[in-house]
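Let's walk through this one by question and answer. Have a look at the model first.

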Amino acid sequence: MGRFKQKKQRRSRFEVDGHPVGRSALMSHISAVADTVDDHGRVTFWDDPALQLGQVARGFDLESGTVTVEPGGTEQMPAALFEPERALMMRMPGQPPREQQAEVAVELGLGRFGRGFAALRSAPGWTLHRLADERLELRSPNGEAFSRIAVPPNPAWISAAVSTGFVLCLYGIQLGVRTPPGMAAERYTDQERLEEFRRGRGLGYTAAGLVPYVNNRG
């Protein structure tokens, strides 16, 4: 062959479900995932054993190091969990992998909800709508549906959401919502859900915010 040796094939920098793909296929996959807003979810309260969030941190004084918390009554703060069907992972050189859907949520105003102390804050422009068909729709500041979930009506949860006027909205790929493949739903314990939730927080895959609740039911 002389100088005309066959060039070694370069491995694709992009993968979908563990398979190398070209840029065109990757962009098509990203578009399909981004256009899917009907996700897995559930509604619950702050004291859910699969969350174990403790007290609500309202603020942090940088000078004194004082953490401001909401004493008492926080166990009835309503929460809504939005877990997308597919993950969009990306790794930049020298940086940990990031899940791009959660990154977009953070860019649009939700806070990154990491492990340890995490001060919850309002999410300007975000709203949570209870639709006429009982689904819950999380809308970003541009007014578009960011995530939508179908959950059984929970009168106690609805009452709490109406009373407080806002809901703790959690968005991420590891919230302990979906039952792992091959496992029966009844075998997915609160402890296992909690471990997944904490793992996702530790990896930076979870976005959260206190979002105003809008009841579109008549």
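Contact here means heavy atoms within 4.5 Å. Keep in mind that this is a predicted model.

Q: What share of the contacts with a separation of 6 or more comes from residues 24 or more positions apart?
A: Start from the pool of contacts in the chain with a separation of 6 or more. Then keep those between residues 24 or more positions apart, and the share is 66%.

Q: Which strand does E13 run antiparallel to?
A: E13 covers residues 166-172, and six of its seven residues are buried. With strand E6 (residues 78-83), E13 runs parallel through four bridges, and Cys-169 is the bridge partner of Ala-80 there. Seven bridges make the antiparallel pairing, where Tyr-171 stands opposite Ala-207, and that partner is E14.

Q: Which element gives the most residues to the largest nonpolar core?
A: That core has 24 residues, and Leu-128 and Trp-157 have the most contacts inside it. Elements giving two or more residues include E3, E6, E11, E12, E13 and E14. The top contributor, with four residues, is helix H3.

Q: Which residue of E14 is Trp-157 in contact with, leaving aside neighbours within four places in sequence?
A: The contacts of Trp-157 include Val-43, Phe-45, Ala-80, Leu-128 and Val-167. E14 spans residues 206-215, and the contact in that range is Tyr-213.

Q: How many residues are in the other core, the one with Leu-81 and Leu-170?
A: This core lies apart from the largest one. Val-177 and Ala-208 are also among its members, and the count is 15 residues.

Terms used. Residues numbered from 1 in each chain as written. Predicted model: local features only at pLDDT ≥ 70, side-chain atom pairs only at ≥ 80, totals over all residues. Heavy atoms only, no water. Buried < 20%, exposed > 50% of the residue type's maximum accessible area, 1.4 Å probe, protein only. Pairing = 2+ DSSP bridges. Core = buried A, V, L, I, M, F, W, Y, C linked by side-chain atoms within 4.5 Å.
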